[in-house]
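Biologist: I have a model open on my screen and would like to learn how to read it. Could you walk me through a few features?

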Amino acid sequence: MPSLGADMEYGTLVEWRVNVGDRVRRGQIIAEVETEKGVFEVEVLADGMVDELLVTPGTKARVSEVLARLRADGTAAAPSPPRPSPSPALAEVPPPPQPTPIPVPAAPPAAPAARPPRASPLARRIAAERGVDLTKVQGTGADGTITKADVERVIAGAPSPTAPTVPPVPAPTEEGKRAMRRAVAAAVTRSKREIPHYYLSADIDVGRALAWLAEVNRGRPVAERILPAALLLKSIALALRKFPDLNGFWLDGELRSRPEIHVGVVISIRTGGLIAPAIHDVDRRPVADVMQALRDLVRRAREGGLRGSEMTDATISVSNLGDEGVQTVFGVIYPPQVALVGLGRIGDRPWADQGMLDVRPVVTATLAADHRATDGHYGALFLREIERLLQHPEAL
């Protein structure tokens, strides 16, 4: 069970995307796991062949508990059915009951209604939302279990005209919202308890950046226009190249800077609470590509479909509350990261330049940083570098 956040203690296996005997390659999606913050896709970390699936869908498992075994030499052992392996400490939270598969007789009677087939919890939810009749779906999972992919194949094809109308899934329960808030509370409490924060802010004139964006967006379809958020993310990432001590983790009493720059974007999700998945390698991507990745990340964060690596790889986080009208954001560092950048709204403000008073579009950028890793002077130079980069947007 991967750790999908510093506050995660356990997760629930929603469904397997592979079967015993399947060959897999590093980075392939093999399972879906649910936490208080949603359902996430889990990638395999090595090439090999699936030897055993040790945990059944619906089972809770603690972080680092073994879910499956791979055979590196590519020789599969005899297939064995999944078996539950919940931790004793989680015995008080039993997994949801799994329906028993129904044998199909040669000539089924017409009168009795068929009982629901075996399906993963996520497949059931999607089927309910889209009005898919699970009795007409062929399951390809372990023991014929209907998976998310099976339901999506039916949705992509022609739906059955006789499929019954299923009411939509109700809005998230209050308990679900409370679970999310507890997860967020655990993370920020740990952060404020363990991390000696220092805070800095800087007002940045973004007039040149906005003028450049307007020219770039001229003639682009509305759906493909680049928003200021992408330009700000790219400038932050490039500034981190020069100030790498803000890009990394505090682990085992020391700073571990990272060469890759994966920016975690704080996103408000529909169930309430926050999540901060990462856009990978922001410093190496064109601004238009950063914009596309940002749109995709926000959509998947709110609809489901984030990858586990997006939840664990962020080397710094950015909280942008400009759309909410907030001028200044002082964030809380997400451990074990050592910094968070806050961005407020871009608005017209009085601006004095070389003795002349003007009105310029200005954004307030803030830095919350770990004083064990850096100091205020280092952080101030980092904010100044962001400002310098935004004065030359064509070079980003």
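**Reading a helix and its neighbours**

Modeller: Let's start with helix H8: on the face turned away from its buried side sit the exposed residues His-377 and Arg-384. Keep in mind that this is a predicted model.

Biologist: Which residues of H8 are buried?

Modeller: Tyr-378, Gly-379, Phe-382, Leu-383, Glu-385, Ile-386, Leu-389 and Leu-390. They lie on the same side of H8, because they cover an arc of only 150° around the axis.

Biologist: What do the buried residues of H8 pack against?

Modeller: Their partners are strand S8 (197–205), helix H4 (207–217), H5, strand S17 (339–343) and strand S19 (356–370).

Biologist: How far does H8 reach from its first C-alpha to its last?

Modeller: With 15 residues, H8 reaches 21 Å, close to the 21 Å expected at 1.5 Å a residue. At the start of this helix, look for Asp-375: one of its side-chain oxygens comes to within 3.3 Å of the backbone nitrogen of His-377.

Biologist: Now the rings, please. How is a pair of aromatic rings described?

Modeller: By the distance of the centres and the angle of the planes. Searching the whole structure gives 3 aromatic pairs. In one of them, Phe-243 and Tyr-378 meet edge-to-face, at 5.3 Å centre to centre and with 85° between the planes.

Biologist: Where in the chain are these two residues?

Modeller: In distant parts, 135 residues apart: Phe-243 is in the loop between helix H5 (228–242) and strand S9 (248–251), while Tyr-378 is in helix H8 (residues 376–390). Phe-243 also forms an edge-to-face pair with Phe-382, at 6.4 Å centre to centre and 80° between the planes. That pair links distant parts of the chain too, as Phe-243 and Phe-382 are 139 residues apart. Together, Phe-243, Tyr-378 and Phe-382 make up one aromatic cluster.

Biologist: Is Phe-243 buried or exposed?

Modeller: Buried, because its relative accessibility is 9% and the cut-off for buried is under 20%. Phe-382 is buried as well.

Biologist: And a charged side chain? Why does Asp-283 count as buried?

Modeller: The reasoning carries over: Asp-283 counts as buried because its relative accessibility is 9%. You will find Asp-283 in the loop between strand S14 (278–279) and helix H6 (287–303).

Biologist: Which residues is Asp-283 in contact with?

Modeller: Beyond its neighbours within four places in sequence, they are Lys-234, Ala-237, Leu-238, Arg-241 and Ile-261. With Arg-241, there is a side-chain to side-chain polar contact of 3.0 Å.

Note on methods: Residues are numbered from 1 along each chain as its sequence is written. This is a predicted model: local features need pLDDT of at least 70, side-chain atom pairs count only at pLDDT 80 or more; totals for chains, interfaces and linings use all residues. Side-chain values use heavy atoms; hydrogens and water are left out. Helices (H or I, at least four residues) and strands (E, at least two) are DSSP runs, numbered from the N terminus. Buried means under 20% relative accessible area, exposed over 50%, partly exposed in between (1.4 Å probe, protein chains only). A polar contact is a pair of N or O atoms within 3.5 Å; within protein, one must be able to donate a hydrogen and the other to accept it, and residues adjacent in sequence count only if both atoms are side-chain atoms. Contact means heavy atoms within 4.5 Å. Rings of Phe, Tyr and Trp (its six-membered ring) pair if their centres lie within 6.5 Å; planes under 30 degrees apart count as stacked, over 60 as edge-to-face and the rest as tilted. The expected span of a helix is 1.5 Å times one less than its number of residues. The arc is that of the directions from the helix axis to the C-beta atoms.
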